[in-house]
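Trainee: I would like to go through this structure by asking about one point at a time. Please give the reasoning before each result.

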Amino acid sequence: MSTNMAKSNQYDNEDTVKQKTLQYAARLGDDSLILGHRLSEWTSNGPFLEEDIAMGNVALDYVGRARMFYTYAAELAGNGKTEDDFAYLRDERQFQNYLLLELPRGDFAFTIVRQLFVDVYNDYFLTELKNSNDPEIAAIATKSHKETRYHLRRTRDWTLRLGIGTDESKAKMTKALNDIWGYTHELFEPDALEIELIELGVAVDPRLFKEKWLHDVQTIIHEAELEMPDADWAVRGGRNGFHTEHLSMLLTVMQSVHRAHPGASW
Amino acid sequence: MNSSLNELEQAFQAKIDAEQKIEPKDWMPAKYRQNLVRQVSQHGHSEVIGMQPEGNWITRAPSLRRKAVLLAKVQDEAGHGLYLYSATETLGTPRADLIEALQTGKAKYASIFNYPTQTWGDIGAIGWLVDGAAICNQVSLQRTSYGPYARSMIRICKEESFHQRQGYQIMVELAKGTPEQKQMAQDSLNRFYWPALMMFGPHDSKSAHSAQSMKWKIKRETNDDLRQKFIDQTVPQIEFLGLEHPDKELVWNEERGHYDSGEIDWEEFNSVINGNGHCNRQRISHHVAAHEEGLWVREAQHAYNVKMKARRASTAA
C-alpha cells in the first residue's frame, strides 16, 4: 500500500488518501463500538442503580462515537454502504480495534482499570485529533473529547475509592492492573497506515504523548495507593485483525439478528 | 386520644378531597403510608426488574441506531427506578429495605417481566404494549394524592412516551419488512397482548386494594377503566401495522362507545404471579447476584468515605 504514495497522478493520490482515511475512521469506529458493547453488558449488573445509569451513559457515548466514525467511513466509501455495514457485516479478521477493548467486561475493578487507561489515553488522543486536517474527523473528536473529560473524572474517582477503600478492593484493583497492563503497549505503536496518515496530518501520533500518559496513569495509581504493574509481557495485534478469542464471540452475539435477515431494515 | 386521631383523619381526608397534595412531613394514616410504600415500591421494582428482559437484547440489537435507543431506554428505566425508590424513601423506608423486600419476595414487581424476551420483536412489543399499558396507568397517577409520587410520575410519563414510540417504531419496521419480520411482529404481539392487559390487575370487583386507594386518591382510575382505555387505543395501532388482533372476540359496542373484548385468562395471570412464569426465579436470582457481586464495591466506597473524613479531620486538627 505504501507504493501508492509514490504515484504522480494527483487523483490517484487523493483516492489513496481517501481509502486510508476510510480505514482509519473504521478503526476508530471499531475501537468505540467494541468498548461500548462491553460497557453495555453492565446493564442491570452494576453494584447499585446509580452505577447502572452512569455505565450506560459511557456505553452510549461510545456507541454514538462508533456511529459517527462509521458513518464517515461509509461516506468515504461512497458505494451506498452505511454505518451498519461496518458494524454488522464485517468478520472478526476485518475488525481492527485494540485488543484491550475486546477483553470480557470482568469485574468492576477490571472495568474501572480498563477505563482509566483508555480515558487518560483518549484525553490526549482526542485533544490531538481535534487538530486533524480532515474536518470531519476533527469535528467528531471535538464532540467526543467533551465526553471523555467527564469519563476520566468519574474513572479517577472510582480508582481512588477502590484503591484506598478496603483490602479486598485494593487486591482486586491490583489484579486488574496486572491483568490489563500488557495490552496497553500497542496503543502507542502506529502501523504503516497510521504513520502515513500522521505525516499527512490526518491521524494522531500516540508516541508523542506516551510519556505524558504514563505520568498521568502513574500519578492516579499512586494517589490511589496502588502500585504500578510490573508485568513484562505485551500482547499486540488488534490493528492487524490478530485478535483474542473473545472478539469472535462478541461479534457472533452482536451480529446474529442482523445477519439472520439479510437486507432487512430495522 | 381516639377523638384526636379521628380529627386528624378527617382533616387528612378533607385535604385529599380538596385535591391538595400530601407531602412527606404531613400527618398521614399509617395505612395510607403502608399502601403507598407497597404501590410505589412495586412500581420502582418493576422498572428495575424490567431492565433485564430488555437488557437481554442490547448486545443483539440489529442496527446501531436501535442499539443506542434501546440502551438509552433501559438507562431511563434505571432512572425511573431511582425516582420511585427516592419517593418511597420520603415515606421512611430506606432503599436497603426495599431491595431486601424485592429479593425475599415480600414486594412484587409487574408480573409481565416474568415472561421471556425470545426475539427482537419482543423488544418492540414491550415498548409498545407494556410501556403503553404503563403509561395509561401513570398518566392517571400524575394526579395521585402523594406529592413526591405525583411529581415523579410527571417526569416519568414524558420519558415513557418516548419509550412507547421506540417500541412502536420497531413494530412498524418489522410489519412493513420481510415476511419473516412481519411474522416476528405478529408472534410478539400474540404473546404480549394478553399479559399487557393483565398489567392493569384484577377486575375492580376482585381488586384487594382498589376501594381504599381510590378514596385516598392514591389510585385515580379503576383497573377496569384503565384497561378499557388501553384496549380501545390499541385497536387502531394494530390495524395500522396490518397485523391480526389476538383477541378474536373483540367487537365494537356502539352503546358503550368502547370495544367489548374476550376474557383474560386469569388462571394464567395467577399462575405466573405465583411463580410459574418462565423467568420468576431468573429475575430475582439475577438481581441477587448483581447485588452480591457489587457488595465489595459498595463497601469500598463506604470505607473510602470514612477514611477521607478521618484524614480531613486529622489534617484540620
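Mentor: The questions below deal with a predicted model, chain by chain and then by residue pairs.

Trainee: What is the secondary structure of chain A?
Mentor: Read along the sequence, chain A follows the pattern α-α-α-α-α-α-α-α-α-α. The count for chain A is therefore 10 helices and zero strands.

Trainee: Where do the strands of chain B come in the order of its elements?
Mentor: Chain B has 12 helices and two strands. From the N terminus on, the order is α-α-α-α-α-α-α-α-α-β-β-α-α-α. The strands of chain B thus stand in the β-β part of that order, between α-α-α-α-α-α-α-α-α and α-α-α.

Trainee: What radius of gyration does chain A have, and what would a compact globule have?
Mentor: The C-alpha atoms of chain A fill a box of roughly 65 × 45 × 30 Å along the principal axes. For 266 residues, a compact globule would have a radius of gyration near 18 Å. Chain A agrees with that, at 19 Å.

Trainee: What is the radius of gyration of chain B?
Mentor: Along its principal axes, chain B has C-alpha atoms filling a box of roughly 75 × 55 × 35 Å. A compact globule of 317 residues would come out near 20 Å. The value for chain B agrees with this and is 22 Å.

Trainee: What share of the residues in chain A is buried?
Mentor: A residue counts as buried when its relative accessible area is under 20%. Chain A exposes about 11,000 Å², with 51% supplied by carbon and sulfur atoms. Of its 266 residues, the buried share is 58%.

Trainee: And what share of the residues is buried in chain B?
Mentor: The accessible surface of chain B is about 14,600 Å², and 54% of that belongs to carbon and sulfur atoms. Among the 317 residues of chain B, the buried share is 56%.

Trainee: How far apart are the centres of positive and negative side chains in chain B?
Mentor: Chain B carries 38 positive and 39 negative side chains. For chain A the numbers are 29 positive and 43 negative, with centres 2 Å apart. In chain B the centres of the two sets are separated by 9 Å.

Trainee: Which elements does the salt bridge between A:Glu194 and A:Arg27 tie together?
Mentor: The closest N and O atoms of A:Glu194 and A:Arg27 are 2.7 Å apart. A:Glu194 is in residues 192-199 and A:Arg27 in residues 10-40, so the pair ties together parts that are 167 residues apart in sequence. The elements are helix α8 and helix α1 of chain A.

Trainee: Are A:Glu194 and A:Arg27 buried or exposed?
Mentor: The relative accessibility of A:Glu194 is 4%, and that of A:Arg27 is 2%. The cut-off for buried is under 20%, so A:Glu194 counts as buried, and A:Arg27 is likewise buried.

Trainee: Which residues form the network of salt bridges that includes A:Arg27?
Mentor: A:Arg27 and A:Glu194 form a salt bridge. Both belong to a network of salt bridges. Its members are A:Arg27, A:Asp31, A:Asp191, A:Glu194 and A:Arg239.

Trainee: Which residue forms a salt bridge with A:Glu51?
Mentor: A:Glu51 is buried at 7% relative accessibility, and its partner is buried at 11%. The closest N and O atoms of the pair are 2.4 Å apart. The partner is A:Arg154.

Trainee: Are A:Asp157 and A:Arg156 buried or partly exposed?
Mentor: Their side chains meet in a salt bridge of 4.0 Å, N to O. A:Asp157 has 34% relative accessibility and A:Arg156 has 29%. Partly exposed covers values between 20% and 50%, so A:Asp157 is partly exposed, and A:Arg156 is also partly exposed.

Trainee: Which residue just after α8(A) takes a positive phi?
Mentor: Within α8(A), the buried residues include A:Leu193, A:Glu194 and A:Leu197. Just after this helix, phi is about 80 degrees at A:Gly201.

Trainee: How far apart in space are B:Gly105 and B:Ile135?
Mentor: B:Gly105 lies in the loop between α4 (95-104) and α5 (120-141) of chain B. B:Gly105 and B:Ile135 are 30 residues apart in sequence. From C-alpha to C-alpha, the distance is 25 Å.

Terms used: Residues numbered from 1 in each chain as written. Chains lettered and ligands numbered in written order. Predicted model: local features only at pLDDT ≥ 70, side-chain atom pairs only at ≥ 80, totals over all residues. Heavy atoms only, no water. Helix = DSSP H or I, 4+ residues; strand = E, 2+ residues; numbered from the N terminus. Rg over C-alpha atoms; globule rule 2.2 N^0.38 Å. Buried < 20%, exposed > 50% of the residue type's maximum accessible area, 1.4 Å probe, protein only. Areas by Shrake-Rupley, 256 points an atom, 1.4 Å probe, with all protein chains shown as cover. Lys, Arg positive; Asp, Glu negative; His and termini not counted. Charge placed at Lys NZ, Arg CZ, Asp CG, Glu CD.
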